[in-house]
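Dear colleague,

I am handing over the structure below, and I would be glad if you kept it open while you read the notes that follow it.

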Amino acid sequence: MAAPVSRLTLSESLALGPEWRHACHAMLYAPEPGKLFGRIPLRYAVLMQMRFDGRLGFPGGFVDVHKGSLEDGLNRELAEELGDAASGFRVERSDYRSSHAAASAPRVVAHFYAKLLAREQLLAVERAAPHARDHGLEVLGLVRVPLYTLRDGVGGLPAFLDNVFIGTARDQLLEALQDLKIVDSNYISGIKLPARR
Ligand SMILES: O=c1[nH]cnc2c1ncn2[C@@H]1O[C@H](COP(=O)(O)OP(=O)(O)O)[C@@H](O)[C@H]1O
Ligand SMILES: [Mn+2]
Ligand SMILES: [Mn+2]
Ligand SMILES: [Mn+2]
């Protein structure tokens, strides 16, 4: 996605004209006490999904700003894409993080949320996801994001970031991992980011 993307405040994005479509996506995450190979702390489980288009993105989708709040649309999309376990929580305005507008067509402004769940809630989402309405169609499966780098300096998050991401999803992920202290502050800056594809 080479199109320039500009960051907007929520009120600026809600003032955009009718030619703009709004989309909302959410990063769901929870504490994860496990250790990989018994020695690498996992710290958190962070969910993304493989989409129908072969790109990685967050659960969520287009919302109709005239039919209800952004969060109403987002929680509807989460129910469609994740299934019944999404009714165990509600993503709220307090979980809002950012909005990015792609200047080129199609005019989409992407709103991003991050919600800390209890571990049981996240496990329930992972259990129910294969029974979601969109599973096997728009959503090809949930993935957890590796939050560590293996001894070869590539395996783990660096290799994960070499996938193709939809829209601003990779930036949304990295910013949230850093800002929400899901990883150590200098960890992300130490990763040589592969060129955007
Ligand atoms: O994870 C994401 N982060 C940021 N933008 C995204 C993400 N997923 C999709 N988008 C953007 O939002 C638009 C609609 O999202 P999506 O494809 O999830 O809609 P849908 O679930 O309603 O079919 C996409 O065309 C893309 O431009
Ligand atoms: Mn949709
Ligand atoms: Mn959808
Ligand atoms: Mn979607």
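A word on terms comes before the findings: a donor is an N, O or S atom within 2.8 Å of the metal, and because water is not among the atoms, a site may look incomplete. Please also keep in mind throughout that this is a predicted model.

With that meaning in hand, the manganese ion (ligand 4) has as its protein donors Gly60, through O, and Glu81, through OE, at distances of 2.1 to 2.2 Å. These two residues bring together distant parts of the chain, since Gly60 belongs to strand S5 (residues 60-63) and Glu81 to helix H2, with their positions 21 residues apart in the numbering. Are Gly60 and Glu81 buried or exposed? A residue counts as buried when its relative accessible area is under 20%; Gly60, with 5%, is therefore buried, and Glu81, at 4%, is buried as well.

The manganese ion (ligand 3) also has Glu81 (OE) as a protein donor, together with Glu77 (OE), and they lie 2.1 Å from the ion. Why are Glu77 and Glu81 separated by about one helical turn? The reason is that they stand four residues apart in helix H2 (residues 70-82). In general, an α-helix has 3.6 residues a turn, so residues three or four places apart point the same way. Glu77 is buried, as is Glu81.

A further ion, the manganese ion (ligand 2), lies 3.6 Å from the manganese ion (ligand 3), and Glu77 coordinates both of them. Between the manganese ion (ligand 4) and the manganese ion (ligand 2) the separation is 5.9 Å.

Helix H2 holds another residue that you may wish to look at, namely Glu71. Glu71 has a relative accessible area of 5% and is therefore buried, and its side chain makes a polar contact of 2.7 Å with the side chain of Tyr113.

Turning to the pockets, the largest has a volume of about 690 Å³. It is lined by 32 residues, and those closest to its centre are His25, Arg51, Val108, Ile166 and Gly167. Among the elements that give two or more residues to this lining are strand S5 and helix H2, along with strand S2 (21-36), strand S3 (40-51) and helix H5 (169-179). By class, the lining of the largest pocket consists of 17 nonpolar, nine polar and six charged residues.

The second largest pocket contains about 180 Å³ of space. Its lining is made of 13 residues, and Trp20, Arg21, His22, Val65 and His66 are the ones nearest its centre. Strands S2 and S5 are the elements that give two or more residues to this lining, which divides into seven nonpolar, three polar and three charged residues.

Helix H5 deserves a look of its own, for several of its residues are buried, including Ala169, Arg170, Leu173 and Leu177. Just after H5, Lys181 takes a positive phi of about 55°.

Finally, for the wider setting, an unreviewed UniProt entry places the feature "domain: Nudix hydrolase" at residues 19-170. In this model that span is 19% helix and 37% strand, and its end C-alpha atoms lie 25 Å apart.

With best wishes

Key
Residues are numbered from 1 along each chain as its sequence is written. Chains are lettered from A and ligands numbered from 1 in the order in which they are written. This is a predicted model: local features need pLDDT of at least 70, side-chain atom pairs count only at pLDDT 80 or more; totals for chains, interfaces and linings use all residues. Side-chain values use heavy atoms; hydrogens and water are left out. Donors are N, O and S atoms within 2.8 Å of the metal (3.2 Å for Na, K and Ca); water is not among the atoms, so sites may look incomplete. Buried means under 20% relative accessible area, exposed over 50%, partly exposed in between (1.4 Å probe, protein chains only). UniProt positions are given in the numbering used here, feature names are shortened, and annotations may be inferred rather than shown by experiment. On a 1 Å grid over the protein atoms alone, a cavity is a set of points where a 1.4 Å probe fits but cannot get out, and a pocket is an open set with protein on both sides within 12 Å along at least five of seven lines; lining residues have an atom within 4 Å of a point. Grid points are joined across faces, edges and corners, and a volume is the space filled by probe spheres set on the points. Ala, Val, Leu, Ile, Met, Phe, Trp, Tyr, Cys and Pro count as nonpolar, Asp, Glu, Lys and Arg as charged, and the others, Gly among them, as polar. A polar contact is a pair of N or O atoms within 3.5 Å; within protein, one must be able to donate a hydrogen and the other to accept it, and residues adjacent in sequence count only if both atoms are side-chain atoms.
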